[in-house]
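Here is a short report on one structure. Look over the sequence and the 3D view, then read on.

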Amino acid sequence: MNLVIVGNSAAGVAAAEAARRASPRARITVIGDEGAQAYCRCLIPEILAGTADFSRIILRSGEDLRREGIEVAGGRAVEILPGPGRVMLEDGREIPYDRLLLATGAAPVLPDLPGRELQGVMGFRDYSDALEAVRIAGAGAGDAVVLGGGLVSLKAAHALKKRGFARVTLVVKSPHLMSKQLDPESAGLVGRAFEGMGVRIIFGADASAFLPGPGGGGVGSVLLEDGREIPAGLVIAGKGVRPRTGLAERAGGAAGRGILVDSCLRTTLPGVYAAGDCAQVAGPGGEEAPWGLWPLAVEQGRRAGLNMAGREEPWQPGGVAQNAVRFGPLSVISVGRRGGEEVAVRRRHPAPGSLRKFFFRDDRLLGYVFVNDIRDAGLYTWLVRSGRRVPGLGRFLAGERLPLEAMTWLSGRDHILREG
Amino acid sequence: MEFKEILIRPDKCTGCLSCRLACAAAHSRAGNFLGAVAAGEKPRARIFVHRAGGKNLPLNCRHCTDPPCVDACVAASMHTAGGGLVTNHDRQERCIGCWMCVMSCPFGAIRDSGEEDPRAVKCDRQCAPGDGLPACVRACPTGALTYGTVDQFSASSREEFLRKWLQC
Amino acid sequence: MKSHDTAVRVMLDAARDQGAETVWDRHAKQDPRCGFGETGLCCRHCSQGPCRINPFGEDPQKGVCGADADTMVARGLVRAIAAGCASHSGHAKHLAHALHKWAKGHSDHYPVKDEAKLKAVAGRMGISGEGMETRQLAGQLADLALKQFAEGEAPLAWAFNHLTAGRREALERLGAVPTGIENTIAEMLHRTHMGVDADPVNLLIGGIACAVADYAGSHMATDLSDILFGTPQPVASRANLGVMDAGKVNIALHGHNPVLSDLLVRAALEMEGEAGEAGAAGINLMGVCCTGNEILMRHGVPSLTHSISQELPIFTGALDAMVVDYQCVYPSLVAAASCAHTRVITTMGMAKISGAVHIEFTEENARESAQKIIREAIGAFKSRKGRAVSIPEISSEVTAGFSVEAIVGALSKLDPADPLKPLIDNIVGGNIQGVVLVAGCNNVKVPQDENFLGLAKELLARDVLVLATGCGAGAYARHGFLTPGAAEKYAGPGLKAVLSAVGEANGLGGPLPPVLHIGSCVDNSRAVDIAVAVANRLGVDTDKLPVAASAPEYKTEKAVSIGTYAVAFGLPVHLGVVPPVLGSQTVAGLLTAGVKELLGGWFIVEPDPLKAAEAIFGALQERRRGLGLASRPW
């Protein structure tokens, strides 16, 4: 059995390792276009901030994977031939496969505006992006503009402040930050925290053009739709990502927003699977995907790996949105969705400005947002994920104390012994 | 050797919280309770006692076979070490305290270290002296916490349980 | 290691063979201890609790009522002081009643034995006694004593009359001035009730006032005991389990108050014949804990054992009766005796143990009750016949009986006109580097006697004179420290020279013991008297003297109270067991540092006896330098 995985990040690595566990004799090859070392993509803000170097964000080194009997081939896949089962690389190599996984991830979307080609206008997705931002900082840029109010933008803005940019401006089209994840009140706490860090936030605005700086070549400022011009030696666009579906589509595979897969992570191409940010699970619950969530990529990758190795185990779509993030002293966890009834617990302790909001309907927890007070978050995540009905939920949530039945159910059974 | 677990008998729990103090103390720099208190240390307990429905329920990490916290860790810090121990204690320097694991643990068993640059901390079994009994088990005065292996039936039910919720 | 006492270890083996449970077994079963209690962070003062505060800064940080760690710890501590004060003063009040009843003719059993002491005490308390009959003077003093318990208008005389002027001012400045004993105790209970005093500093000042009231009670107990039963003079005896005699009726007297034990000593003399008729070679009285100290000091009655080893004599099979009054009497004695013939006899209506034989003992029926008690023991002796006994043949020689009067008497042989001068000269000259009062109990958390022995060896070798009371004195008794030979063995050259000089001047043919047994736990007042006398003679306050105190194995609330009054009187006070105050850095800081600014004394908490000795020695040297005397390095 010859298993090939295109993509050396969350889903790719999880798939390779799961396949190895399931099939000790299979030949497994991972092809990565960012070199042999798989790294923790979510940690590139640490590189930008200067709080970590590459060695500290390695997910699996080539050596780690080789120790597990997984070959790593650096290179960019440009075409797949499902008929004979071959992956063509940019450098002309051909890699044969019996089963192929596409774990190609997603690419940041740069706004289609004048000046987008200027040096210093960039997305924030890869290690190379972080290095480029560091280089620009080293060249003396003191002004940075970050477009968007989502997670990537906030992480970038926070890292830019730590890197030493004197003026960092967030340009946010929505009326508040993290509009996908947060309600206005929680977002207000996040916004105030960012302003406290010295980040300027302009709401209800968007860029209309990137203008070159006096030296030519590099970006010098961002022109807003309302005519304001904001100096910027660096512009990071956190305006979303696009699943990398090209390989599958060029081979004739079906794609919606992402590469369409069934519950076993199979694409419409024979012997070809997809997992992670590039994939979109068809069927109920899959329509909102791809999520762009690391844990989901790991779960999908593992399941795809097992299936490629011969274990037909379906992966159930219907996960929930979930994000946890910390910006210095500010912690935010957001799970599920908003709506229904709402219970909010506001406290000065344990952390100033702590807020816990629960959203529920018909005694089922739809989602929650925790700002600063993150205790027991996982219990609630699983209550959301399960969709389980807890009679009197609202009352329990207000007291932040779940009923015993829910607790014992959440906590499993086997380790909890009952006296005969 | 089969991985031993901290087994819980909720009916025997009086809610004295001795397990929490012992756990925190075992994770202090002083390594003992009075020494840690005297030095003003603030080590964090990694076991929790929930009060629910008039009963006490001690909970800590179950060291899952497919741990959601490991899947969720974006920093390759949380991992399953030899023998089935789910931990980040030996990769603390990689932890950035993003709370993905905190958000993902179905037992609510992971928490923030409370330091200025906080990390995620959890039951890491770095609390057992020569006799191998975890500090919380040693501290439990009523036998609500014991240490042993889950029998085969229970082990399979756990697997089933976790699979169910992982997929839900 | 459970005990450094070989006899105790032998008996622990016997207890194990008999399947009997001891304090060490129960100690093991109590582990793990509750950390909240251990740090003083558990409050049960109202039924909204029990409330706990997490010492590591996590929730909860406040009790239901809002009391924080500082309030909770301070409240717990001052309640302990109040309980200690209640115990010592209850003991004193019992003596005052005995004297009062004799003076008023309600009981014949408590005549004044030491008229000189009666006059001296009356004089100190402002009663001239000129031309008064003994009974009349005793009546006036007893009245005055009983009035000390009620709220008065002036500072509590039995405390303040026995302090230096400087100390009285310091306490007044702090606002730690009790005006009566029992109202002070009651006030502490009131203040520590839910929703009263929540200011930790204010609570601690209240606690200090209560400890000063404790000192009044302790001093009164010492004074009245001496008046009723005689002021101790040096006496030779023995200590440890080997003092039991299989052929005699073995009666252990345990507890605290000579109101009971002294009468039993008298009754035993009268009942030798009855014992003989029962086939015994006589009646063998022995003391346990502070009762043992009282009858050792006054009658040379041997000491059997102390504190945590109190259950063990029963396992010899040779103990016929254990007669108890109150304080430090383990309820476990009844269970220990359940498989033996030993009668555990309780005597006080306020201190019964279910399963024990209770023979009510009052001042009025004292003689009859004492006889009844001894008869019960003789009965037990008879039932013992034919049973195997195993008594460890281990005991030490003891010289005890060093009341202030006895010490001054001995010193006056060197300088009749100014008896304190030789002591002061030797402190100034450096032969005596300082004086340390070692007091308090054994505590099962410490291998028995380990801290007492370690501390004394280190201090004696460095020419520090040791005074001992309570179960500390008991430890030194059992380990041979209360002998002239111990001076040769342990004392440094300077101290040895002084002890030899005093010994020779008194015709003892050898030195004084290097550890002077000055009595029971209420007799810590004797140590304060010596310190006050020396301070007055030097014209300084007690907080300037190279004098310290230590309770290296303490366990009781009484010890907490004693330690607090010693700090209040300006002494550095070492504790070898960590008190339950660590939960509040504020309170712990006040006790170990802050209080020094206010009163001169402070607590040194150090479980390691060698480090403790070094810290105490350091404190003495600091005092020596303060007085302009030559100091020595450790």
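How many Å separate the centres of domain 2 of chain A and domain 3 of chain A, taken over C-alpha atoms? The answer is 30 Å. Keep in mind that this is a predicted model.

## Domains of chain A

Chain A is split into domain 1 (2-107 + 241-308), domain 2 (121-237) and domain 3 (322-410). Take the boundary of domain 2 of chain A with domain 3 of chain A. On the side of domain 2 of chain A, 17 residues are in contact with 15 residues of domain 3 of chain A. Together the two bury about 1300 Å², and carbon and sulfur atoms give 67% of that area.

Charged side chains take part as well. The count between domain 2 of chain A and domain 3 of chain A is 3 salt bridges. In a salt bridge, Glu185(A) meets Lys357(A) at 2.7 Å, N to O. The count of residue pairs in polar contact between these domains, both residues at pLDDT 80 or more, is 8.

Which helices supply the side of domain 2 of chain A that touches domain 3 of chain A? H5 and helix H6 (184-196) of chain A each supply at least two residues of it. H6(A) gives the most, with 6 residues.

## Domains of chain C

Chain C is divided into domain 1 (6-52), domain 2 (69-229), domain 3 (241-384) and domain 4 (399-626). Now take domain 1 of chain C with domain 3 of chain C. Their centres, taken over C-alpha atoms, are separated by 26 Å. Contact joins 13 residues of domain 1 of chain C with 10 residues of domain 3 of chain C. The area they bury between them is about 890 Å², with 74% of it on carbon and sulfur atoms.

The count between domain 1 of chain C and domain 3 of chain C is 1 salt bridge. Arg26(C) and Glu311(C) meet in a salt bridge through their side chains, at 2.9 Å, N to O. Across this interface, 4 residue pairs are in polar contact, both residues at pLDDT 80 or more. Helix H1 (6-17) and helix H2 (23-30) of chain C each supply at least two residues of the side of domain 1 of chain C that touches domain 3 of chain C. H1(C) gives the most to that side, with 6 residues.

Here are the two salt bridges named so far.

| Residue | Partner | Distance, N to O |
|---|---|---|
| Glu185(A) | Lys357(A) | 2.7 Å |
| Glu311(C) | Arg26(C) | 2.9 Å |

## Two open sheets

Start with chain A. An open sheet of 5 strands runs in the order E11-E18-E12-E13-E14 (chain A), with parallel pairing. Why do strand E11 (121-122) and strand E14 (199-203) of chain A each have one side without a neighbour in the sheet? Both stand at the edges with a single partner strand each, so one side of each is left free of a neighbour in the sheet.

Look at one pair inside this sheet. Strand E13 (residues 167-172) of chain A pairs with E14(A) in the parallel sense over 5 bridges. Val172(A) has Phe203(A), in E14(A), as its bridge partner. Helix H5 (residues 151-163) of chain A packs on the sheet. H5(A) touches strand E12 (143-147), E13, E14 and strand E18 (234-237) of chain A, and its direction makes about 170° with that of E13(A).

Now turn to chain C. An open sheet of 6 strands has the order E13-E12-E11-E14-E15-E16 (chain C), again with parallel pairing. Strand E13 (515-519) and strand E16 (602-605) of chain C stand at the edges with a single partner strand each, so one side of each lacks a neighbour in the sheet. From one strand to the next, the twist averages 25°.

Strand E11 (residues 434-438) of chain C and strand E12 (residues 464-469) of chain C run parallel and are joined by 5 bridges. Val435(C) has Leu465(C), in E12(C), as its bridge partner. Helix H19 (residues 470-478) of chain C lies across E11, E12 and E13 of chain C, at about 115° to E12(C).

## Backbone details

Most residues other than glycine have a negative phi, and most peptide bonds are trans. Which peptide bond that starts at Asp31(C) is cis? The bond from Asp31(C) to Pro32(C) is cis, with omega near 0°. Pro32(C) sits in the loop between H2 and helix H3 (35-38) of chain C. Gly49(C) and Pro50(C) are also joined by a cis peptide bond, with omega about 0°. Pro50(C) lies in the loop between strand E1 (42-43) and strand E2 (51-52) of chain C.

Chain B adds one item. Leu17(B) is not a glycine, yet has a positive phi of about 70°. Leu17(B) is in the loop between strand E1 (5-8) and helix H1 (18-26) of chain B.

Notes:
Residues are numbered from 1 along each chain as its sequence is written. Chains are lettered from A and ligands numbered from 1 in the order in which they are written. Side-chain values use heavy atoms; hydrogens and water are left out. Two strands pair if DSSP finds at least two bridges between them. Helices (H or I, at least four residues) and strands (E, at least two) are DSSP runs, numbered from the N terminus. Contact means heavy atoms within 4.5 Å. Axes are lines fitted to C-alpha atoms, for helices over the stretch in contact, and angles run from 0 to 180 degrees between N-to-C directions. Domain bounds come from an automatic or database domain assignment. Buried area is the accessible area (1.4 Å probe) that two parts lose on being put together, summed over both. A salt bridge is a side-chain nitrogen of Lys or Arg within 4 Å of a carboxyl oxygen of Asp or Glu. A polar contact is a pair of N or O atoms within 3.5 Å; within protein, one must be able to donate a hydrogen and the other to accept it, and residues adjacent in sequence count only if both atoms are side-chain atoms.
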